[in-house]
Amino acid sequence: MGLVGELTPLTLVVGLIIAFELIVLATVFYLSISSLPANPELFKEVRDSTILSVETSLVTTLIVLMLSIPVSYWFSRGNLKGKHALKALLSIPYILSPSASGLILLIFLVKNPLGRALNESFEIVNDFKGIVLAQSFLGFPIALTYFTALFKTISPSLEEVARTLGYGRLEALYRIFLPSLKPQVVSGALLVFARAFGDFGASLILGGGIRGRTVTLPIALYFINQYGDIVLLAYALSSYVLIAYLILFMTSMLER
């Protein structure tokens with residue numbers, strides 16, 4: 001009885017928080033299905049921007065995983081001199097606002113000779129590739145932090161066993177450790193995907209926000225709000241929330 005009495009206030013607080021969030025979200029969903037937007041043609045733009053967000057986020061996730069996993073494994077092993085300074089350097093975008101990160105990349109691509117050469121060769125700014133670069137710049141520090149902590153959980157004795165079996169460090173990483181940590185790796189991938197999917201500032205600056213070409217869903221939400229079509233805005237927000245819930249639900253299942 002005493003335990004029930006202690007839990008009752010906590011249960012009440014949790015219930016109030018859940019009820020408030022449900023009411024807030026329900027308002028958006030109800031508005032999106034109960035009325036017609038002022039400009040139905042913009043539905044296509046919302047759909048296309050959602051597809052673009054998924055495409056860029058998938059490409060970004062793949063790139064970030066390919067780069068961050070071996071780098072994180074390197075950072076997780078040993079006490080190399082200057083390692084913490086290097087890790088802090090690579091993690092700077094984790095602290096900066098997305099807009100600041102996007103501006104840094106833009107200045108590099110238009111002012112630095114190397115950046116200009118890359119931009120002229122690959123047409124990065126105001127393109128799909130610019131969005132992927134911006135999202136990767138923001139997603140890499142998240143993956144670096146996550147996978148470094150994950151790889152620190154690997155017992156040194158397991159590495160010794162792998163070496164006795166003839167595996168090098170990278171070979172052991174990809175053939176033994178990653179397969180055994182598959183749920184955690186997928187969780188890390190979902191974190192990167194979520195960060196990329198939700199980016200607004202950096203993607204707008206590098207991608208240019210060109211309608212029909214480089215408008216992701218977060219950018220579309222900003223434009224729709226400028227149009228003043230509250231129903232279409234609610235529809236776009238509903239799509240955004242559903243995708244976010246799916247990502248969080250999958251992450252929760254993997255943790256379980």
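This tour moves from a patch on the surface to the cavities inside a predicted model.

**The surface patch**

Begin by selecting Trp74, Leu80, Leu86, Leu89, Ile92, Leu96 and Ile104. Together, these residues make a nonpolar surface patch of about 620 Å².

Next, select Leu80 alone. This residue belongs to the loop between helix H2 (42-76) and helix H3 (83-90). Is Leu80 buried or exposed? Its relative accessible area is 42%, so Leu80 counts as partly exposed, a class that lies between the limits of 20% and 50%.

**The cavities**

Rolling a probe the size of a water molecule over the atoms reveals where space is left empty. In this structure, two cavities of 30 Å³ or more are present.

For the largest cavity, select Leu42, Glu45, Val46, Arg211, Val215, Ala220, Phe223, Ile224 and Tyr227, which form its lining. Two elements, H2 and helix H12 (217-227), give two or more residues to this lining. Which element gives the most? H12 does, with four residues. The space in the largest cavity is about 70 Å³. Colour its lining by residue class: seven residues are nonpolar, none is polar and two are charged.

Move now to the second largest cavity, which holds about 40 Å³ of space. Its lining is selected with Tyr73, Glu159, Ala162, Arg163, Tyr167, Gly168, Arg169, Ala172 and Phe177. At least two of the lining residues come from each of helix H8 (156-164) and helix H9 (169-180). By class, the lining of the second largest cavity has five nonpolar residues, one polar residue and three charged residues.

Notes
Residues numbered from 1 in each chain as written. Predicted model: local features only at pLDDT ≥ 70, side-chain atom pairs only at ≥ 80, totals over all residues. Heavy atoms only, no water. Patch = residues over 30% accessible without salt bridge, like charges linked within 9 Å, V, L, I, M, F, W, Y side chains within 5 Å. Areas by Shrake-Rupley, 256 points an atom, 1.4 Å probe, with all protein chains shown as cover. Salt bridge = Lys/Arg side-chain N within 4 Å of Asp/Glu carboxyl O. Buried < 20%, exposed > 50% of the residue type's maximum accessible area, 1.4 Å probe, protein only. 1 Å grid on protein atoms, 1.4 Å probe; cavity = no way out; pocket = protein on both sides within 12 Å on 5 of 7 lines; lining within 4 Å. Points joined across faces, edges and corners; volume = space filled by probe spheres on them. Nonpolar A, V, L, I, M, F, W, Y, C, P; charged D, E, K, R; others polar.
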